[in-house]
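Reader: I should like to work through this structure step by step, with the reasoning behind each answer. May we begin once it is shown?

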Amino acid sequence: MAAKLLASSPFVGIAVLVSLVALVAFYYKPFSQQRLFTVEELALYNGTDASLPIFLGILGSVFDVTKGKSHYGEGGGYNHFSGRDASRAFVSGNFTGDGLTDSLRGLSSTQVKSVVEWRDFYFKSYIFVGKLVGRYYDSQGNPTKYLKGVEAKAARGAQLLEKQENEEAKQPGCNSRWSQDEGGEVWCDEGVPRLVQRPLQMALTGKMSTRCACFNEDQLDQPGLKIYEGCDYLAKTCRV
């Protein structure tokens, strides 16, 4: 009877079609048009409900990671990232309690740079579905001052890292090797090994560190050079 009615009245068929389109649009609106999520809404897509896709947030950007269900689904190794923005955990490795937070407070510029790179990875590898309202995006979906600050800090980290690489390229690094039986050693094909501070590391990581570099004899009077313990002054190879 319905088939006869549709066949006899093209207007009825068009009306039914319009209704179906509207119904589909209604159910798919959360994923195609509604691009803003609250914390509570995002939490629904944590992989525990098989009828829903799996979403994760990083720096306020939300991605559909359902294609990686074996990793992001319930019981998967990365499930702690699902249904939330746990930006800090991408570099801290703390996947419990307070570690699963979107706050990057106290992280170094290189760590913040790594988080931004993780976000870029998800943009390239998964489907971007929206934004999480909160720390990084306001209720209109606009970037907050916090997000702009994070991106500026990451850019600064990239600049410092490039500067450090350029500076260290001027003084060649040592060769090194290590084995469980013999331990480690460093050596220079030209010059002698010395420990030297990496001044930009404080700005990059918040910690001072050293590296092994090779120096010619006429450079050994430079301040800040340290001889490896137990190594002769002009030895080309040192045990570490």
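Reader: With which residue does Arg-119 form a salt bridge whose closest N and O atoms are 3.9 Å apart?

Author: Please note that this is a predicted model. Side chains of opposite charge can pair when their charged atoms come close. A salt bridge is counted when the nitrogen and the carboxyl oxygen lie within 4 Å. At 3.9 Å between the closest N and O atoms, the partner of Arg-119 in this salt bridge is Asp-120.

Reader: Is Arg-119 buried or exposed?

Author: A residue counts as buried when its relative accessible area is under 20%. Arg-119 has a relative accessibility of 9%, and therefore Arg-119 is buried.

Reader: How do Asp-120 and Glu-151 count in terms of accessibility?

Author: The range between 20% and 50% is called partly exposed. Asp-120 has a relative accessibility of 31%, and Glu-151 has a relative accessible area of 32%. Both values fall in that range, so Asp-120 and Glu-151 are partly exposed.

Reader: How many residues apart in sequence are the parts that Glu-151 and Arg-119 tie together?

Author: Glu-151 forms a salt bridge with Arg-119, with the closest N and O atoms 2.9 Å apart. Because Glu-151 lies in helix H7 (residues 145-169) and Arg-119 in helix H6, the pair ties together parts whose separation in sequence is 32 residues.

Reader: Which residues are linked in a network of salt bridges?

Author: Arg-119 forms a salt bridge with Asp-120, and Glu-151 also forms a salt bridge with Arg-119. The network therefore consists of Arg-119, Asp-120 and Glu-151.

Reader: With which residue does Glu-185 form a salt bridge?

Author: Glu-185 is buried, with a relative accessible area of 12%. The closest N and O atoms of its salt bridge are 2.4 Å apart, and the partner is Arg-177.

Reader: Which side chain is joined to that of Asp-102 by a polar contact?

Author: Asp-102 is placed in the loop between helix H5 (89-92) and helix H6 (109-125). Asp-102 counts as buried because its relative accessibility is 15%. Leaving aside residues up to four places away in sequence, Asp-102 touches Asp-85, Ser-87, Arg-135 and Tyr-136. The polar contact, of 2.9 Å, joins the side chain of Asp-102 to that of Arg-135.

Reader: Which are the edge strands of the open sheet?

Author: The open sheet is formed by 4 strands in the order S1-S4-S3-S2, with mixed pairing. An edge strand pairs on one side only, and the edge strands here are strand S1 (36-37) and strand S2 (55-58).

Reader: What is the bridge partner of Leu-36 in S4?

Author: S1 and strand S4 (residues 127-132) pair in the parallel sense over 2 bridges. Within this pairing, the partner of Leu-36 in S4 is Lys-131.

Reader: Which residue in S6 stands opposite Ser-176?

Author: Strand S5 (residues 175-179) is hardly covered, for the count of buried residues among its 5 residues is 0. S5 runs antiparallel to strand S6 (residues 183-187), with 5 bridges between them. A hairpin through 3 residues joins the two strands. Opposite Ser-176 in S6 stands Val-186.

Reader: How many residues apart in sequence are the parts tied together by Cys-174 and Cys-212?

Author: Cys-174 and Cys-212 form a disulfide with sulfur atoms 1.9 Å apart. Cys-174 lies in the loop between H7 and S5 and Cys-212 in strand S8 (residues 210-215), so the parts tied together have a separation in sequence of 38 residues.

Reader: In which strand does Cys-214 lie?

Author: Cys-188 and Cys-214 form a disulfide, with sulfur atoms 2.1 Å apart. Cys-188 lies in the loop between S6 and strand S7 (192-197), so the pair ties together parts that are 26 residues apart in sequence, Cys-214 being in strand S8.

Reader: What is the pairing of the bonded cysteines, numbered in sequence order?

Author: A search of the whole structure finds 3 disulfides. Besides the two already described, a disulfide joins Cys-231 to Cys-238. In sequence order the pairing is 1-3, 2-4, 5-6.

Reader: Over which residues near the start does pLDDT stay under 50, with 3 contacts beyond four places in sequence?

Author: The mean pLDDT of the chain is 85, and 82% of its residues reach 70 or more. Where pLDDT is low, the predicted coordinates should not be read in detail. The stretch with pLDDT under 50 and 3 such contacts is residues 1-9.

Methods. Residues are numbered from 1 along each chain as its sequence is written. This is a predicted model: local features need pLDDT of at least 70, side-chain atom pairs count only at pLDDT 80 or more; totals for chains, interfaces and linings use all residues. Side-chain values use heavy atoms; hydrogens and water are left out. pLDDT is the predictor's confidence in each residue, from 0 to 100. Contact means heavy atoms within 4.5 Å. Buried means under 20% relative accessible area, exposed over 50%, partly exposed in between (1.4 Å probe, protein chains only). A polar contact is a pair of N or O atoms within 3.5 Å; within protein, one must be able to donate a hydrogen and the other to accept it, and residues adjacent in sequence count only if both atoms are side-chain atoms. A salt bridge is a side-chain nitrogen of Lys or Arg within 4 Å of a carboxyl oxygen of Asp or Glu. Two strands pair if DSSP finds at least two bridges between them. A disulfide is a pair of cysteine sulfur atoms within 2.5 Å.
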